Structures are given as C-alpha cells and as structure tokens.
Amino acid sequence: MKTEDKLLIRALKGEATGVPPVWLMRQAGRYLPEYRELREQAGGFLNLCYTPDFAVEATMQPIRRFGFDASILFSDILVVPHALGRDVWFEQGEGPRLNPMAVGEALPAFDAEAFHAHLAPVYEAVKGLRSSLPAETALIGFAGAPWTLATYMAAGRGKDEQAAARQWMFTSPDSFAALIDRLADAVASYLIRQIDAGAEAVQIFDSWASALAPNAFDRYCVQPTKHIVETVRAAHPDTPILGFPRGVGSSYASFLKETGVNGVSLDQNVAPEWAAEALQPHGTVQGNLEPMHMVTGGDALLRDTDRILAALSGGPFVFNLGHGITPQADPANVEALLRRIRG
Ligand code: 1CP
C-alpha cells in the first residue's frame with residue numbers, strides 16, 4: 001500500500017476517517033512477555049536500541065499481537081544525547097542515567113558525521129522495518145524535543161530533572177539557549193535521516209513541556225519545535241509531523257498553530273470536547289485515553305473510550321493513550337480497546 005493511502009497518514013493529513021487509526025505510545029515494552037524475553041536475550045536496553053535486528057523485532061511484537069494501524073520505531077529519546085557524546089546508560093529496574101552537565105557547560109562543536117555514524121543502526125532498523133511490516137501499517141519515527149532532552153542532560157536522570165534545567169535557564173540564559181538550539185539542529189537532522197530511511201511520519205516528544213512557564217514555553221518548546229518542523233519540511237514536505245507537548249492544557253492550541261505541526265498528541269487531562277472545538281479545526285488530534293485503563297479495564301475503559309470517540313471521530317483523529325502504556329498493563333485490555341474502536 002502507498003504511504004498516502006495508509007489510515008494513519010490519511011488522518012494526519014487532515015481526513016476524518018470515521019473509524020480512527022489506533023496505536024499506543026510505548027506499545028512495545030515490559031507489559032508484553034515477548035518483550036521481556038527479547039530484552040533478556042539482548043542483555044540490556046541499549047543493546048536493543050542499537051542492534052537493528054533486535055529493534056525491528058521489538059517494534060514488530062505489538063503489531064503481530066494486536067494489528068495496530070501504526071508502528072513506532074523501537075528506540076529511546078536518549079540516543080540523541082548519547083550520539084552527541086554524553087554518557088548514557090540504563091540502571092536495571094530504574095531507568096536511564098546520564099552524566100549531568102554543569103550550568104553553562106557547552107557541547108563540543110557538532111560533528112554531523114560522528115553523530116549519524118553513531119545512529120546508523122537506528123536508520124538500518126527503520127529500513128528493515130519497511131520491509132517487515134504488514135503493507136497497511138504505517139511506520140512512525142520519533143525524537144525527544146530539545147527541552148525534554150535538556151532536562152535529562154542537565155539532571156542526569158528522570159527525577160527532579162526540570163529543576164536543574166530551569167535553574168540553568170535563568171542563571172545562564174545564553175548558554176542554555178545555545179544548548180537548546182544545538183539540540184534542535186541535531187533533532188531535525190536525525191528526523192530527516194529517519195525519513196530518508198523509510199519513516200512515514202514523525203513524532204516529537206516534549207514530555208516535560210508542562211514545566212515551562214509561558215515565556216519559557218515559547219522560547220524553549222514552541223520556537224525550537226517550529227525550527228525542527230521547518231527544517232524537516234524543507235527536506236520532506238509531505239511527511240506528517242506530530243508534536244506532544246505533554247501537559248500544557250490550553251497552550252496546545254497556540255503550540256499547534258505556531259509550530260506548524262500537522263497534529264498534536266494530547267495527554268489525558270484535556271477534555272476531548274474542548275479539543276474538538278479548539279484544536280481539530282487547525283490540525284489532527286491524537287489521544288487521549290487515561291493509560292490506567294490498560295491496567296484496570298472493565299466498564300470504565302469502555303465508557304472513557306466511547307466519550308473520546310464521540311467527541312473526536314467527526315474530525316481528523318488518531319486514537320492513542322494520553323501517555324505511554326505502563327508495565328502493569330494487561331494485554332487483554334488492549335484487545336478490548338481495539339474491539340471497541342473498530343467495532
Ligand atoms: O526495558 C526497559 O526497562 C526499558 C523501558 C523503556 C522502553 C520500552 C525505556 C526506558 N524506553 C523505552 C522505549 C521508548 N521510549 C520508545 C519506543 C517505542 C514505543 O513507544 O513502543 C519511545 C517512543 C520512548 C520515548 C521516551 N523515552 C520518552 C518520551 C515519551 C514519554 O514516555 O514521555 C522519554 C521521556 C524517555 C526516557 C525514558 N526511557 C526509558 C524510561 C523508563 C524513560 C523515562 C525516565 C524518567 O523520566 O524517569
């Protein structure tokens with residue numbers, strides 16, 4: 001099937017498809033026994049990310065089991081700081097760790113060749129996926145947004161990370177702006193290479209956008225995203241781009257209009273009726289089921305799913321969760337969700 005005929009791509013280009021395409025953030029991961037087995041075999045999370053055969057297999061697992069309309073490349077946002085020369089490792093049972101940057105510290109000059117050489121296994125996995133996926137399944141590439149990457153780079157881990165980056169932002173604004181702008185260039189270049197290799201849409205994850213007050217939100221989330229969108233579009237004008245500035249409430253509207261993304265992914269705190277009115281006239285909406293329903297299931301799952309479908313199916317819409325599926329999720333609840341959406 002041609003890319004433009006795939007359900008996800010049609011929705012991202014602004015079509016109201018009736019039955020929406022569906023995929024779930026973190027659809028590959030620890031709630032699947034086959035993923036836990038693969039991770040064991042790979043001997044570590046980063047080995048999964050940097051070994052194309054493992055990354056392809058991890059991406060394919062939820063597609064085989066559930067038949068989602070879209071797959072998302074198996075990788076992590078932290079491969080970008082890693083490719084920029086920062087140390088990145090994973091603590092078993094905890095999460096990612098980095099060597100924290102000091103306030104004012106500058107990254108060395110951008111070495112595009114070394115950056116893309118480090119990320120070559122990712123591009124190879126994208127290529128492999130285009131020949132492994134079912135004909136109708138769209139392939140989404142992704143990257144972390146500059147702000148969210150900077151929060152991890154400043155604090156070294158996913159705890160109190162916004163505090164370290166926010167402190168840097170106000171005590172040494174020029175060096176912080178330089179870091180963000182460097183990350184924006186690197187992310188744009190990375191996404192272009194993913195699309196060159198076969199990604200059919202891309203999503204920019206700004207998971208910690210909610211920690212930015214309005215002026216900072218504009219400078220460190222909206223402007224860098226706009227720069228990434230313009231740079232990627234110049235190389236690949238037809239590839240749809242999704243933004244996910246998680247937790248920003250009514251600012252989803254200005255984000256959508258000012259960055260030029262094709263669509264926004266919404267967290268579960270946004271009312272779908274508001275999104276239909278304020279966002280759908282300007283772009284595609286993706287979301288936004290409470291991820292806990294994948295753990296608890298039952299009538300509450302069906303009720304909240306129906307409310308989202310009723311509010312958003314009349315416009316361009318992609319069904320997803322408000323954030324990633326958690327390790328405690330029950331695959332049977334994912335099946336119940338798909339039955340409800342597809343009828
Ligand atoms: O096996 C394991 O223990 C690793 C768990 C895991 C997985 C499956 C991590 C560690 N990353 C991933 C994969 C991943 N991460 C994907 C793959 C594709 C898919 O969705 O199926 C994607 C898109 C990400 C993106 C990502 N990584 C984000 C943005 C989205 C979000 O969830 O907000 C962030 C913030 C990360 C960092 C990260 N990587 C892993 C963890 C546990 C975290 C969060 C750390 C923290 O904030 O404490």
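The following exercises, with worked solutions, concern a helix pair and three residues of a predicted model.

Local features in this model require pLDDT of at least 70 and side-chain atom pairs pLDDT 80 or more, while totals for chains, interfaces and linings use all residues. Residues are numbered from 1 along each chain as its sequence is written, and side-chain values use heavy atoms, with hydrogens and water left out.

**Exercise 1.** Determine how helix α8 packs against helix α10.

*Solution.* Helices are DSSP runs of H or I with at least four residues, and strands are runs of E with at least two, numbered from the N terminus. Two packed helices are described by the angle between their axes and the distance between the axes. For α8 (residues 146-155) and α10 (residues 173-197), the angle is about 120° and the axes lie 9 Å apart. Helix α8 is therefore oblique to α10; angles under 35 degrees count as roughly parallel, over 145 as roughly antiparallel, 65 to 115 as roughly perpendicular and the rest as oblique.

Next, identify the residues in contact (heavy atoms within 4.5 Å). Helix α8 contributes Pro146, Trp147, Leu149, Ala150 and Met153, and α10 contributes Phe176, Leu179, Ile180, Leu183, Ala184 and Val187. By class, this contact has eleven nonpolar residues, no polar and no charged ones.

**Exercise 2.** Describe the surroundings of Met153 and Thr151, both in helix α8.

*Solution.* Begin with burial, where buried means under 20% relative accessible area, exposed over 50% and partly exposed in between (1.4 Å probe, protein chains only). Met153 has a relative accessible area of 1% and is therefore buried. Thr151, at 0% relative accessibility, also counts as buried.

Then list the contacts, setting aside residues up to four places away in sequence. Met153 touches residues including Pro81, Arg86, Leu98 and Met101, as well as Leu179 and Leu183. Thr151 is in contact with Glu161, Gln162, Ala165 and Trp208. Finally, a polar atom of the Thr151 side chain lies 2.7 Å from the backbone oxygen of Thr148.

**Exercise 3.** Which backbone oxygens does the side chain of Asn288 reach, and at what distances?

*Solution.* First, locate the residue: Asn288 lies in strand β8 (residues 284-289). Its relative accessibility is 4%, so Asn288 counts as buried. Second, examine the side chain: a polar atom of Asn288 lies 3.1 Å from the backbone oxygen of Asp267, and the side chain reaches the backbone oxygen of Val270 at 2.7 Å. Third, place these partners among the neighbours: beyond four places in sequence, Asn288 touches Asp267 and Val270, and also Leu266, Gln268, Ile308, Asn320, Leu321 and Gly322.

How values were computed. Polar contact = N/O pair within 3.5 Å; in protein donor to acceptor, adjacent residues only side chain to side chain. Axes fitted to C-alpha atoms, helices over the stretch in contact; angles between N-to-C directions. Nonpolar A, V, L, I, M, F, W, Y, C, P; charged D, E, K, R; others polar.
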